[in-house]
Amino acid sequence: MKHLFTFLLIIAGCFIFGQKFSQENISAMPVPVHQLRIYEVPKENKQVFLDRFRDHALSIMKKYGFTIVAIWESEFREKTEFVYLLEWKDEDTMKTAWEGFMADKEWKEIKARTAKQYGNFVNEIEDRTLKLTDFSPEKKLLK
C-alpha cells in the first residue's frame, strides 16, 4: 500500500508540475510582429508594378525570410494601392531581413532596370509595425 501511495504521489506531482510547465511555456512563447505595407502606385504603372513584385520581389523576399500573410489591391481616395501584410518572429528579425533585401544586388538591378524602362513605380509607401494586444483573439495569423 505504501508503494502504491508513493507511486500515485509521483504521478500526481508529474501531472501538476507538467501542467504548470506547459502553461509557462505557452505564455513565454514570443508573440509575432506584423507589418503592414501600403504602396500608392501610379495607375499607368500598376500592372508593371504587380508583375515586378510577383516575378522578382517575392522570390528575393523569400531568400531573406519574409513571411507574407496576404496581398491585396485597393482603391482608396482615388489612389491605386498595393497592400500586403507580413508576419515576423520579432522586430529584430524584421529589421535584419529588410536590410538584406534592400541591399540585395539582384533587387537593386531589377529596380534600376524597371525604373529606367517604365519610370516612377511608387508615389508613396506607408509602413506600419503592428503589435498584437494581449486580448487579441489570434496571436499568430499563420498556422
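Start with the whole chain in view: of the contacts with a separation of 6 or more, 72% are between residues 24 or more positions apart. Keep in mind as you click around that this is a predicted model.

**The whole chain**

Colour the chain by pLDDT. The mean is 85, and 78% of the residues reach 70 or more. Now pick out residues 3-9, where the pLDDT is below 50 and the model shows zero contacts beyond near neighbours in sequence. Do the same with residues 19-26: here too the pLDDT is below 50, with zero contacts beyond near neighbours in sequence.

Next, switch to a cartoon view. You should find four helices and four strands. Walking from the N terminus, you pass them in the order α-β-α-β-β-α-α-β. If you turn on a surface, its accessible area is about 10300 Å², and carbon and sulfur atoms supply 60% of that. Of the 143 residues in the chain, 29% are buried.

**The sheet**

Select the four strands together. They make an open sheet in the order β2-β3-β1-β4, and the pairing is antiparallel. Which strands stand at the edges? They are β2 and β4 (124-131); each has a single partner strand, so one side of each has no neighbour in the sheet. Tilt the view and look at how the strands line up: ignoring direction, neighbouring strands are turned by 15° against each other on average.

**Strand β3 and its partners**

Zoom in on strand β3, residues 79-88. Is β3 largely enclosed or left open by the rest of the structure? Nine of its ten residues are buried, so the strand is largely enclosed.

Add strand β1, residues 33-40, to your selection. It runs antiparallel to β3, and eight bridges join the two. Show the side chains of Leu36 and Leu85: Leu36 stands opposite that β3 residue.

Now bring in β2, residues 68-76. This strand also pairs with β3 in the antiparallel sense, again over eight bridges. Here you can find two more facing positions: Ser74 stands opposite Glu81 in β3, and Ala70 stands opposite Leu85. So what you see at Leu85 is a β3 residue with Leu36 opposite it and Ala70 opposite it as well.

Follow β2 round into β3 and you reach a hairpin with two residues between the strands. Click on Arg77 there, which takes a positive phi near 50°.

**The helices on the sheet**

Select helix α2, residues 46-63. This helix packs on the sheet and touches β1, β2 and β3. Compare its direction with that of β2: the two make about 165°.

Then move to helix α3, residues 91-103. It packs on the sheet as well, touching β1, β3 and β4. The angle between the direction of α3 and that of β3 is about 125°.

**Last stop: Gly100**

Stay with helix α3 and pick Gly100, which has its place there. Is Gly100 buried or exposed? Gly100 is buried, with a relative accessible area of 18%. To finish, draw a distance from its C-alpha atom to that of Tyr64: the separation is 6.6 Å, although the two residues are 36 apart along the chain.

Terms used: Residues are numbered from 1 along each chain as its sequence is written. This is a predicted model: local features need pLDDT of at least 70, side-chain atom pairs count only at pLDDT 80 or more; totals for chains, interfaces and linings use all residues. Side-chain values use heavy atoms; hydrogens and water are left out. pLDDT is the predictor's confidence in each residue, from 0 to 100. Contact means heavy atoms within 4.5 Å. Buried means under 20% relative accessible area, exposed over 50%, partly exposed in between (1.4 Å probe, protein chains only). Accessible areas come from the Shrake-Rupley method with a 1.4 Å probe; for residues, only the protein chains shown count as cover. Two strands pair if DSSP finds at least two bridges between them. Axes are lines fitted to C-alpha atoms, for helices over the stretch in contact, and angles run from 0 to 180 degrees between N-to-C directions.
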